Amino acid sequence: MEAVVAVFALLFVLFLGLGAYATVKAIGAAKRGVDRTLTQARRTVEDHTLRAKSFAQPGPVGEIAQLRLKLRTSMRATQDALHAGVAGDESLKESLGLFERLSAHGHELDDELKRLESEPDRAALAERLPELRERTERITHSADSLRWAARDRARRFADDDLEALSAQIDVEAGALRHWTTAEQPPPSWPEAPPADAATGHTRSEATRPPTEETAARPAITPPAPRQTYSWQKKPRPESTS
């Protein structure tokens, strides 16, 4: 009895632990989902704000907003392309590592541009613009190169796979059309023997010369004598009159 109670207690503790683990995992997944949603919403708001500043505020402030928007758009697109491609192509891990190093420079530049948005000295800001523009161009060019290289690689693999698949389909289609080959004609029936050949055996027997056995045998076998009985009447002689 004590063993049964111990087993039930162990099962209860095990189920309780599994339930707690599943609850923690579910809460963690929900929290990550909420954080991801909030991050995406915050990025969307910042992008719309930068786009509005680039059009509404001319001069150095508007150009800084354009640089930030260009930098963020290029880095985000490259990040999404590499993360999506590395799941099916392990060779992109090295490219992803290079992008992470480039991303550190991108975040540094984005933070610097964000601080300069509130810079009151417009003249000093205008002097910094060529250098900021050149840094943004270098980072976005490197990010675009990685993104397009990953896309070209994925498209090349897709083209090679499609070519191999088309060749296999052509072979299979040829095998399915194998019935169109010329069929052998059925064998012809043997010719019927001539009438003379069919009756040759009977005719040869009829024209064969008689032998001693056939000569001794009478042409017509005489009838056997009829047996008479006592109660039968004697035949009357035929009248000659």
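These legends accompany close-up views of a predicted model of a protein chain.

**View 1. The whole chain is built from helices.** Seven helices and zero strands make up the elements of the protein chain, and from the N terminus on they run α-α-α-α-α-α-α. Of its 241 residues, 18% count as buried. About 19900 Å² of the protein chain is exposed, and carbon and sulfur atoms supply 61% of that area. If you like contact maps, here is a handy figure: among contacts in the protein chain with a separation of 6 or more, 71% join residues 24 or more positions apart.

**View 2. Helix α3 and its cover.** Follow α3 through its 25 residues: from first C-alpha to last it reaches 35 Å, close to the 36 Å expected at 1.5 Å a residue. Which residues of α3 are buried? They are L92, S95, L96, F99, L102, S103, G106, L109, D110, E112, L113 and L116. An α-helix has 3.6 residues a turn, so residues three or four places apart point the same way. What covers the buried residues of α3 includes α2 (60-86) and α4.

**View 3. D111, a partly exposed residue of α3.** Look for D111 in helix α3. Is D111 buried, partly exposed or exposed? With a relative accessible area of 40%, D111 falls between the 20% and 50% cut-offs, so it is partly exposed. Its C-alpha atom is 9.2 Å from that of R68, although the two residues are 43 apart along the chain.

**View 4. L67, a buried residue of α2.** L67 lies in helix α2. Its relative accessibility is 8%, which is under the 20% cut-off, so L67 counts as buried. Beyond its neighbours within four places in sequence, L67 is in contact with L113, L132, R133 and T136. One of these partners, L113, is itself among the buried residues of α3. The C-alpha atoms of L67 and E137 are separated by 8.8 Å, with their positions 70 residues apart along the chain.

**View 5. The second largest pocket, lined from α3 and α4.** This pocket has a volume of about 230 Å³. Where does its lining come from? Both α3 (92-116) and α4 (122-176) supply at least two residues each. The residues to display are L98, R101, L102, H105, R135, R138, I139 and S142. By class, the lining has three nonpolar, two polar and three charged residues. You have already met L102 in View 2, as one of the buried residues of α3.

Definitions and conventions. Residues are numbered from 1 along each chain as its sequence is written. This is a predicted model: local features need pLDDT of at least 70, side-chain atom pairs count only at pLDDT 80 or more; totals for chains, interfaces and linings use all residues. Side-chain values use heavy atoms; hydrogens and water are left out. On a 1 Å grid over the protein atoms alone, a cavity is a set of points where a 1.4 Å probe fits but cannot get out, and a pocket is an open set with protein on both sides within 12 Å along at least five of seven lines; lining residues have an atom within 4 Å of a point. Grid points are joined across faces, edges and corners, and a volume is the space filled by probe spheres set on the points. Helices (H or I, at least four residues) and strands (E, at least two) are DSSP runs, numbered from the N terminus. Ala, Val, Leu, Ile, Met, Phe, Trp, Tyr, Cys and Pro count as nonpolar, Asp, Glu, Lys and Arg as charged, and the others, Gly among them, as polar. The expected span of a helix is 1.5 Å times one less than its number of residues. Buried means under 20% relative accessible area, exposed over 50%, partly exposed in between (1.4 Å probe, protein chains only). Contact means heavy atoms within 4.5 Å. Accessible areas come from the Shrake-Rupley method with a 1.4 Å probe; for residues, only the protein chains shown count as cover.
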